[in-house]
Amino acid sequence: MARLFPSLSRKRNLPPGTPVYVGAPRAEPVRITVIDYDPDRAELRAVDTPQDCFAYRDNDSVTWINVDGVHEPQIVQALGRHFGLHPLVQEDILNTTQQPKCEDFGDYVCLFVKMLQWSDDADGITSEHVSLILGRGFVISFQQRSGDVFQAVRDRIRDNAGRIRTMGADYLAYALLDAVVDGYFAALEQRAERIESIEAELVERPTPTTLAHIHRLRREGLMLRRAVRPTREMTAALDRGGSALISPEVAPYLRDLYDHAVQVIDTAETFREMLTGMLDTYLSSQSNRMNEVMKVLTMIATIFIPLTFIAGIYGMNFQHMPELTRPWAYPAVLGVMAVITLAMLVWFRRKRWL
Amino acid sequence: MARLFPSLSRKRNLPPGTPVYVGAPRAEPVRITVIDYDPDRAELRAVDTPQDCFAYRDNDSVTWINVDGVHEPQIVQALGRHFGLHPLVQEDILNTTQQPKCEDFGDYVCLFVKMLQWSDDADGITSEHVSLILGRGFVISFQQRSGDVFQAVRDRIRDNAGRIRTMGADYLAYALLDAVVDGYFAALEQRAERIESIEAELVERPTPTTLAHIHRLRREGLMLRRAVRPTREMTAALDRGGSALISPEVAPYLRDLYDHAVQVIDTAETFREMLTGMLDTYLSSQSNRMNEVMKVLTMIATIFIPLTFIAGIYGMNFQHMPELTRPWAYPAVLGVMAVITLAMLVWFRRKRWL
Amino acid sequence: MARLFPSLSRKRNLPPGTPVYVGAPRAEPVRITVIDYDPDRAELRAVDTPQDCFAYRDNDSVTWINVDGVHEPQIVQALGRHFGLHPLVQEDILNTTQQPKCEDFGDYVCLFVKMLQWSDDADGITSEHVSLILGRGFVISFQQRSGDVFQAVRDRIRDNAGRIRTMGADYLAYALLDAVVDGYFAALEQRAERIESIEAELVERPTPTTLAHIHRLRREGLMLRRAVRPTREMTAALDRGGSALISPEVAPYLRDLYDHAVQVIDTAETFREMLTGMLDTYLSSQSNRMNEVMKVLTMIATIFIPLTFIAGIYGMNFQHMPELTRPWAYPAVLGVMAVITLAMLVWFRRKRWL
Amino acid sequence: MARLFPSLSRKRNLPPGTPVYVGAPRAEPVRITVIDYDPDRAELRAVDTPQDCFAYRDNDSVTWINVDGVHEPQIVQALGRHFGLHPLVQEDILNTTQQPKCEDFGDYVCLFVKMLQWSDDADGITSEHVSLILGRGFVISFQQRSGDVFQAVRDRIRDNAGRIRTMGADYLAYALLDAVVDGYFAALEQRAERIESIEAELVERPTPTTLAHIHRLRREGLMLRRAVRPTREMTAALDRGGSALISPEVAPYLRDLYDHAVQVIDTAETFREMLTGMLDTYLSSQSNRMNEVMKVLTMIATIFIPLTFIAGIYGMNFQHMPELTRPWAYPAVLGVMAVITLAMLVWFRRKRWL
Amino acid sequence: MARLFPSLSRKRNLPPGTPVYVGAPRAEPVRITVIDYDPDRAELRAVDTPQDCFAYRDNDSVTWINVDGVHEPQIVQALGRHFGLHPLVQEDILNTTQQPKCEDFGDYVCLFVKMLQWSDDADGITSEHVSLILGRGFVISFQQRSGDVFQAVRDRIRDNAGRIRTMGADYLAYALLDAVVDGYFAALEQRAERIESIEAELVERPTPTTLAHIHRLRREGLMLRRAVRPTREMTAALDRGGSALISPEVAPYLRDLYDHAVQVIDTAETFREMLTGMLDTYLSSQSNRMNEVMKVLTMIATIFIPLTFIAGIYGMNFQHMPELTRPWAYPAVLGVMAVITLAMLVWFRRKRWL
């Protein structure tokens, strides 16, 4: 299970704006790819050093620089310096615990989001810190590691599908955000399946494992909510912000994105309430079972304890017990016992225990 | 029971605005009907192709185009192109998981709502995605399937009942929304009946089935709330929006609609709290029963265990037990047992267990 | 108990604004009374038809038309037409499920409230839909049935008590609203008495009936809240609304009314939390009793089961049990039993079970 | 315990603004004292009739008229008429159930607060309705009874301590409010002590009395919250209100007062959550004890019931039981019993019941 | 554990603005240090009296006066008088129970925060009242005791690391606040570790001690929340306040600080919900164990009580019990007992108790 608080060992005692990587240690090299396109052509290139991207800043086509890995601060710094990013922005790019937010610096807009993906290895949802820098004619995206939800966007640029090649960098930023939010839907879908299978289990045969699953899903829901909830504010800020970098043509798309974010949050909330309801169901099924167990015990004890007492009476060794010598005494006692048993059963039936 | 998350398998990896149907697969053909009316006449026509409706866009009468079925994207696209709908709107029309919202595009206003109907087949409330496009002189409504709550509106147009024939397309859109909200009242009425019958059951004889019913109603309530809650914002946006498409004459009707939406949400909230209260009642009735069962067990055990012990004492086979030979010993032991029993009963009475 | 959802069988499938009575069927005739007054005189008259009131509209004195019964739509319609009420207002007057609200139509202000009264018959609070129309020089009030909280206002007009005869129709409307809100205090007083008596019961001797009473009061509280809560918004809207019909002299009274409404809601909320607290108290007292019952059972069983086992040992019929022939064996076994009992009691005392 | 709803028997059926005392009946005479001061002198005088205060209205010094007792409406009326108070204000002064509020009438500002004091007699917090009227050069304070939190203010005026003698009536009103809010801190301190002593009890040895104390503190907390919560709005209104009666010099003091009010409310909320947490702790400690009791019962029963059964077997009187005649049979049975007991103990250990 | 309400014994009965120390008594002497720097040099000096700092007020370099200990009011007063602090500000500096807030007095801005640090002695988080006064060219910080989170800031000034030496007093104030908020992250990290270790314990082997730990962490969380929550409002006020003392260059840093504050609060909330979830988990694990215990008891009792009864029957001493003389009777009874036992086991298996 992903740790709720992935890395608190922040770079304390360093000046604000110091570019230090905060996150799980990683060994793999940082990969940088550049996609440059205009309506007529699209070029995809893997580059070796940040410096290889510098030329793209000032050309007229739209450039998307994607950086897989933020564990090498000097790469972020090199790009940051060339593209004019504030030191605090560089710090936030490197800080994988940064919460989602949107900040407009005039020349560029920064978007920090969490990219959620289902991982079969972790048997759960993994979260990745993604930073998007929208500038004049370029978008830079930073991810924690390789593997993302952006493949469809790349394909659309390559295949000239949809409007993407005819639009500017603002539309590209929107398309990337949209892919992230679509990824939320995928993660929710996985959760929905889990929840429904546990719900079925709950109805058929609840076990302590069912409970453990519910608790685990609730815990994961907390993480999910922390990642997803700020997205609404972020998209709203982007839409209303009135940045000069965002053309009016893109506005309806941003509103659509906002709607999706609202829907994601709403669905996550609904799941949360469902899980609470399932917990209640589990606890009351437990209480039902306990009640049933107690009733069985009570019925057995209530019938047999008096009978055993009667048997005990006639097992006493007093010399003067006249009943013991009567030939009809034994059957009579057995008869009395049968009557007592029947009376008990009738009484249980009346109390609706049977 | 309707799935809470009906279809998450969204058209991921497609450009935004791509018209793709999202929802349960349907085989039946899409039906299109056109109602065209002015104060003097009303014409109802079933048409075969979207193209048959195109002529109605520019005439002076009010036109209502109703499309039953959104599982054929090309129909929505054809209408969308002719009536000038933004690709994102077309996408939302086709997406049956779209949450209710109201968007003003200047030339037209889009309204997405959930139409709730009681279904005897599903033994519950079914939800249907309905899109209303209010343009200059026309309303286009898209539904997921045949069967709706709009029959009364059709009848009023046909019979020239009320003011509908004398008003414009804005009033028609209002009338359709009003029918949807009236449908919410009908669904709530069904829920009210259910809740009241379960409440009676709860008072008379609660069983685990009662609990299951409560949990099911709560789960359905979550779905209901997701469908109903955005309606308030939507009608408020419509009323305050100041769209040029909505005449001042219709404003009081919209305010009335807003009041109804508020009342629906309020009632749904009240039901929710009632169900929570019923759950509490059930759990405390369970706890009461458990208490009663435990008391019976404890009383039986507390009376008979000591008595059985006494009988056990005199069942021992020691050779030197002088009491065993006394003639008065047996009645004396029985007497002691009777005294113990009486003392116990008095004690239980004091503790108010009896 | 009043039904929470008194009548959902709304006039569906009818055009909006159609005047249809929505509520419990009533047979008694509708009673109309007119009170016309100026500083010098006051006249009270029962009239037979709505038409008898028409003349009062245009005179200079203040006129209060009170209609007991809204189950005859034609009466509301007749008055509505003459006094210029919008069809939707007429509809709301006839709809006894209408939630409280305040609407300003320029020429008149509509106020819909719930009049709460304690009913000994129902052994609970009954709710009545009351509509007040404040126009220039007149107030029309519609009630569901005879019997109201307005008698004191009538007396004050008749006896020229306080300032009412010297003020206009706006003050009359305020006085009626104030009487309704005073009625809320009376209803709350009844609730307070109930709650305090149940609280005493809870401390002295809680029974399942106590629980049923708590649940009933909570359910009633839901109804109360639905009736009372909108009153605050309503009075605030009236105060801030700046209607030309309301003179500045009346403003402090409206603010006072607002304060009362806030106090009513606040008190209702406090009662609600008290009931929740009482439910908790009940459940923990149940749990305490259960604990006590279990302790008794466990102590009895823990002491006697081992003793009975020892007696059982010496009740066995083995031929070679040397103890059985010793003369000191029987008293020795009795002594051992006494020691075990004492040890158990000491142990219970240590565990604080005694 | 103070009644939560001290007096609902309002002066119903009387015109609004009728001066009627609402509260617990009181017999003691109303005491009026006047403090008149300027930077150079301070005079304290007990007066017999309201008329004795009238002269102070128009002098240049600051006058504080304090009235202990509002159960004689004619006194409030006499003062009200001379100092120009609106009838509704007089009504609110006399109504001890009035919630805290601040109203600006231009010529004077009315402040209604609850004065909380710890009472050893009631073993709890008592609440007193206090009205402050701030006019040009005077403050009138009305209290329910003698004994208040204002002694320190009186001393400061008499001793010329702090800035009070050099400031105007606005500062005096602030000083009185500040004394009331300081009284809240004192009441919270008493609560804090109670809560901490009960918390200690909860850890060491929780009993049903502990629970009763928690419930009582929660109930008292409801009353406290009703009294304290409106104070924040009240002080904020006073600060922002921009009344001409309040000089800019006093503004920082009012902001300080506001901070204190926020802190009081915040602390009360924290206490509330602590009490909820303590209730949870109590309930889970109960559940722990129950678990322990059940384990003891189950272990005793599980060990001895099988043993008793074996003893019962060999207590049967069949003639053909070959074991009974074997000399080694008795020790063998005892051995088997010992083995069973040991096996059970090992099993309990494994299940971690021991 | 730190007391939740550290010191309520406020200086009641004193004029507002009287400088009185409110807090735990301290004996150690107050230490004052001055750091004076400009881009070219930095000077650190420990001074003996407040008067030694006075000269720094009017120089051109940035001065940071740090006061460790606020238990000597005359020191605060001396500084307050020279630097022109309002008496109420001096009072708040001395009041260690003051809640965090930000106040702008034009010439200077006051910031009150809580500095949280992990203390191994207290085995918990300790809170310290810190006041920051930002004036033109100077910052004065007051702390309750020696030992703080500011060492890194001192080092950066000394070593000329980062931008701090090139910026003004506003940046210094920001840097100190940032250090405080970084301290919150450290405290949260400690909490995160605790929570995770308890969570592991909860899964492996929950004991009543686990519960006590959860309750303790929740209680600490209440204190934490009170300290941390106002920080958000405070930083927002600072950012939006538009004080002339804060240069535009510092604005992005303040926004960054605000983000951190939001993240801290968010994390604290998440921990709170996790703890609530853990409490639920504990209680349901308890309920599971209880269920298991009850099942064992019920199975043992249900099997052996009937068997013991049968043994009791044949232990009776009636003279006419024909079965007793039959040679096959004993093995037959044993057989019947075995059959009963098997039937019971099958039944338990069916009920899924085994």
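Helices here are DSSP runs of H or I at least four residues long, numbered from the N terminus. With that in hand, welcome to the tour; the model you have open is predicted.

**Stop 1: a helix in chain C**

Select residues 329-350 of chain C, which make up helix α7. How far apart should the ends of its 22 residues be? At 1.5 Å a residue the expected span is 32 Å, and the end C-alpha atoms lie 31 Å apart, so the two values agree. Now step past the end of the helix to C:R352, which follows α7(C) and has a positive phi, near 65°.

**Stop 2: the two domains of chain A**

Switch to chain A and colour residues 31-284 as domain 1 and residues 314-350 as domain 2. What distance separates the centres of these two domains? Taken over C-alpha atoms, the centres of domain 1 and domain 2 of chain A are 80 Å apart.

**Stop 3: where chain A meets chain E**

Show chains A and E together. Their contact draws 46 residues from chain A and 50 residues from chain E. On the chain A side, three helices each supply at least two residues: α5 (208-240), α6 (251-313) and α7 (329-350). Which helix gives the most to this side? Select α6(A), which gives the most, with 16 residues. If you colour the side of chain A that touches chain E by class, you will find 26 nonpolar, 13 polar and seven charged residues.

**Stop 4: from one copy to the next**

Keep both chains in view and superpose them. Chain A can be laid on chain E by a turn of 72° with a shift of 0.0 Å along the axis, leaving an RMSD of 0.1 Å. The two copies are therefore related as by a five-fold rotation axis. The surfaces that the copies use for their contact are different: 15% of the contact residues of chain A recur in chain E. To find the residue of chain A that comes closest to the rotation axis, pick A:G315, whose C-alpha is 4.7 Å from that axis.

**Stop 5: the sheet of chain E**

Hide chain A and show chain E as a cartoon. Look for an open sheet of seven strands, in the order β2-β1-β3-β7-β6-β5-β4, with mixed pairing. At its edges are β2 (41-47) and β4 (101-104) of chain E, each paired on one side only. From one strand to the next the twist averages 20°.

Next, select residues 124-135 and 138-143 of chain E, strands β6 and β7, which pair in the antiparallel sense over five bridges. Click on E:L134 and then on E:V139, its bridge partner in β7(E).

Add the helices that lie on these strands. Helix α1 (residues 73-83) of chain E crosses β3 (62-68), β6 and β7 of chain E, and runs at about 160° to β7(E). Helix α4 (residues 169-204) of chain E also packs on the sheet, where it touches β3, β5 (109-119), β6 and β7; its direction makes about 30° with that of β5(E).

**Stop 6: a parallel pair in chain D**

Finish in chain D. Select residues 62-68 and 138-143 of chain D. Do these strands, β3 and β7, run parallel or antiparallel? Strands β3 and β7 of chain D run parallel and are joined by six bridges. Zoom in on D:V67 to see it stand opposite D:F142 in β7(D).

Key:
Residues numbered from 1 in each chain as written. Chains lettered and ligands numbered in written order. Predicted model: local features only at pLDDT ≥ 70, side-chain atom pairs only at ≥ 80, totals over all residues. Domains from an automatic or database assignment. Contact = placed C-beta atoms within 7 Å. Nonpolar A, V, L, I, M, F, W, Y, C, P; charged D, E, K, R; others polar. Pairing = 2+ DSSP bridges. Axes fitted to C-alpha atoms, helices over the stretch in contact; angles between N-to-C directions. Least-squares fit on C-alpha atoms with pLDDT ≥ 70 in both. Expected span 1.5 Å × (residues − 1).
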